[in-house]
2 protein chains.
Amino acid sequence: MPKAKQLTLDARTRRGIAKALADPRRFDILRHLAAQESCLGCGDLLETFPITPATLSHHLKELEAANLITTEREGKFLRVQFLRPTWEAYLRELQKL
Amino acid sequence: MPKAKQLTLDARTRRGIAKALADPRRFDILRHLAAQESCLGCGDLLETFPITPATLSHHLKELEAANLITTEREGKFLRVQFLRPTWEAYLRELQKL
DNA sequence: GTATCATTTAGACAGTTGTCTAAATGTCAT
DNA sequence: ATGACATTTAGACAACTGTCTAAATGATAC
């Protein structure tokens, strides 16, 4: 039976994730995304968190750079989705120590 | 049989840990400590990492504030020890999402 | 095109942080 | 007490970051 390929993180990526998680607002956004079955749009996030669109955009960029989410344009809207594989790879990494 | 009491982290603590982990140097120090059987002194850490004593002291304070390590004076020296229970509570917390 | 709505970019600002040097404190041996 | 060594504190500085406002871009409907 084929072994499931598991993402491993280099130090650079791990650092990016840690930084993304360090801001509580960003962590809350990520958690909110993780709790969804499918994608969310900015609109939902803007209703949920008291920040301006500009600030949200900034945080999404950080999360995306850390590979914790993906975003996809759908017409006017941006569909944002939690990337669980990265998250799980990060947890495995932390479990090593 | 008695159930083992497991530490749970409030949001404030979790934030403190995330912040402590966000700096790569601090993460490296923590990992180094976690890899030891017992305590380490500042001397060992200063040989291992190219930072001044003042900077090390600063980082140890952060890690201690996050409850990730404990320190204890032993004469001239400071014995530093990784606090695994906090670490494990943090991992359990992250696993929730 | 124009209007409208969603998102991004640019720029600014205040607050935080990692690091250092220099000086202070603590602890032990002589 | 003096000296030597370990650690901490104080203060400074540059770099980074979260946030905002204002303006720009993208996308759709009319």
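In this predicted model, a backbone N or O atom of Lys76(A) lies 3.4 Å from a sugar or linking oxygen of DNA strand C. Chain A makes another backbone approach at Cys42(A), where a polar backbone atom is 3.5 Å from a phosphate oxygen of DNA strand C. From chain B, a polar side-chain atom of His59(B) comes within 2.3 Å of a phosphate oxygen of the strand. Several elements give two or more residues to the surface near DNA strand C. In chain A they are helix H3 (42-48), helix H4 (53-65) and S2; in chain B they are H2 and helix H4 (53-65).

In total, 23 residues surround DNA strand C. The closest are Cys42(A), Ser57(A), Arg26(B), Thr55(B) and His59(B). Sugar and phosphate make up 82% of the strand atoms that come within 4 Å of the protein. By class, this surface holds seven nonpolar, seven polar and nine charged residues.

Strand S2 of chain A (residues 77-82) includes Arg79(A). Arg79(A) counts as partly exposed because its relative accessibility is 27%. Its side chain makes a polar contact with the side chain of Glu74(A), at 3.3 Å. Arg79(A) also touches residues farther along the chain, including Cys39(A), Leu40(A) and Thr70(A). Leu40(A) is 39 residues away in sequence, yet the two C-alpha atoms are separated by 5.4 Å.

Helix H5 of chain B covers residues 84-95. Its twelve residues should span 16 Å at 1.5 Å a residue, and its end C-alpha atoms are 16 Å apart, so the two agree. Among its buried residues are Trp87(B), Tyr90(B) and Leu94(B). The buried residues of H5(B) pack against helices H2 and H5 of chain A. Within chain B, they pack against helix H1, helix H2 and strand S2.

Key
Residues are numbered from 1 along each chain as its sequence is written. Chains are lettered from A and ligands numbered from 1 in the order in which they are written. This is a predicted model: local features need pLDDT of at least 70, side-chain atom pairs count only at pLDDT 80 or more; totals for chains, interfaces and linings use all residues. Side-chain values use heavy atoms; hydrogens and water are left out. Helices (H or I, at least four residues) and strands (E, at least two) are DSSP runs, numbered from the N terminus. Buried means under 20% relative accessible area, exposed over 50%, partly exposed in between (1.4 Å probe, protein chains only). Contact means heavy atoms within 4.5 Å. A polar contact is a pair of N or O atoms within 3.5 Å; within protein, one must be able to donate a hydrogen and the other to accept it, and residues adjacent in sequence count only if both atoms are side-chain atoms. The expected span of a helix is 1.5 Å times one less than its number of residues. A residue is near a molecule or strand if one of its heavy atoms lies within 4 Å of it. Ala, Val, Leu, Ile, Met, Phe, Trp, Tyr, Cys and Pro count as nonpolar, Asp, Glu, Lys and Arg as charged, and the others, Gly among them, as polar. Lists of a residue's contacts leave out its neighbours within four places in sequence.
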